[in-house]
Amino acid sequence: MLSVNQLGVGICRKMMDNAEEYNVKHTLFKNGVHLIDTGNRALGGIQAGLRVTEICLGGVGNVSFTSMDLDGLTLPAIAVSTDFPVLSLLCQASGGYREAMEGWINFTAGSYAAIASGPARAIVHEPEEMFDVLGYRDDAGVAVVVLQSEQYPDEKVGTRLLERCKVNPENLYMVLSPLSSMSGLVQVTARTVENAMVKLHSLNYDVKKVKFAHGVAPLPPLGSRTIVPDDMLSYGSIVHLYVVPEEKTDLREIAKKMPSQTSKDYGRPFTELIREHKGLRGIDINLFAPAEVYVNNLKSGELYRFGKVNSDLVKKMAGLH
């Protein structure tokens, strides 16, 4: 079986060996834990963000920098594709999983707080209910944790992660990717396929029926206070899913329910929703979904399309008219 942590370590070592090229900083703490800083004390950048995204995809996805045209507005964009959408999903950290909000995603160590994602989730297996559905566990003896936080981790953070991951110190790799950095902006905007899989899960559809997936979403301006990656995912993303449908299930009707426009919160900026709910909890789960979705029925060959990229709303949120 594929080890998402072994694959993630390979990407970490590539960044460590080419730290200057990626504008990252590698630190080996006294307790033996590795830290790769991709945007706090190090500048990081687009290439570092692409590598972090590959780690978040469990090492089984392709990530590239491209562009999207939103009715005359051309923005840089992140495209992802994978032949292992379920493994990609388990490595990421979406607020769309209600049960996940209670677990690993909200990592703390003393006063340190971060959104934790990446391959190590396949070791921690939290929340257990989700991993029972996915049916995957990684016992590779190495662990890679992506920390989305503006705080710089110290050895105590590494020690806490060692307790959770139960690996030797030299086999733990922490990857710091603050949302305020280009690296963080890239890896969060790249969660297109994840959002689609989350939506399927919330519709009680067997996500293991999805065999291949591709998604693309535009990058918001770095440092913007009016539009964030979540807005781009819900209002600007396009996802293609290739599905072997369940027996006696109308895949077209499932696809129809997938786009974010089915949400009662549709049309509202995430900055407003997060402020109102004091975080992601409480935001309608249906908003954590692609703006536009294509579902290819692999039994019949039919292609279903629902939803639409909301170019006008993206322009308005970004302050462009």
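Helix α1 (residues 4-17) makes a good starting point in this predicted model. At 1.5 Å a residue, the 14 residues of α1 should span 20 Å, and the C-alpha atoms at its ends do sit 20 Å apart, so expectation and model agree. Which residues of α1 are buried? They are V4, N5, G8, V9, I11, C12, M15 and M16. Around the helix axis these residues take up an arc of only 165 degrees, which means they lie on the same side of α1.

Next comes a sheet. Six strands, in the order β3-β4-β9-β10-β11-β12, form an open sheet with mixed pairing. In general, the strands of a sheet pair through backbone hydrogen bonds, and they can do this in a parallel or an antiparallel way. Which strands stand at the edges of this sheet? That role falls to β3 (61-70) and β12 (303-307); each has a single partner strand, so one side of each is left without a neighbour in the sheet. On average, and ignoring direction, neighbouring strands here are turned by 15 degrees against each other.

Zooming in on one pair, strand β9 (residues 210-218) runs antiparallel to strand β10 (residues 238-243), and 6 bridges link them. Across this pairing, F212 stands opposite Y242 in β10. A helix joins the picture too: α10 (residues 229-236) lies across β3, β4 (73-82), β9 and β10. Its direction is at about 115 degrees to β9.

Now for a couple of single residues, beginning with Q148. This residue is found in strand β7, which covers residues 143-148. Is Q148 buried or exposed? With a relative accessible area of 17%, Q148 is buried, because the cut-off for that label is under 20%. Leaving aside residues up to four places away in sequence, Q148 touches A114, I115, S177, L179, Q187 and V188. One of these, Q187, also shares a polar contact with Q148: their side chains are joined at 3.4 Å.

G110 tells another story. It is found in the loop between β5 (106-109) and β6 (112-117). Why does G110 count as exposed? Its relative accessibility is 79%, and exposed means over 50%, so G110 earns that label. As for its placement relative to N31, G110 is 79 residues away in sequence, while the C-alpha atoms of the two are 18 Å apart in space.

How values were computed. Residues numbered from 1 in each chain as written. Predicted model: local features only at pLDDT ≥ 70, side-chain atom pairs only at ≥ 80, totals over all residues. Heavy atoms only, no water. Helix = DSSP H or I, 4+ residues; strand = E, 2+ residues; numbered from the N terminus. Buried < 20%, exposed > 50% of the residue type's maximum accessible area, 1.4 Å probe, protein only. Polar contact = N/O pair within 3.5 Å; in protein donor to acceptor, adjacent residues only side chain to side chain. Contact = heavy atoms within 4.5 Å. Expected span 1.5 Å × (residues − 1). Arc of directions from axis to C-beta. Pairing = 2+ DSSP bridges. Axes fitted to C-alpha atoms, helices over the stretch in contact; angles between N-to-C directions.
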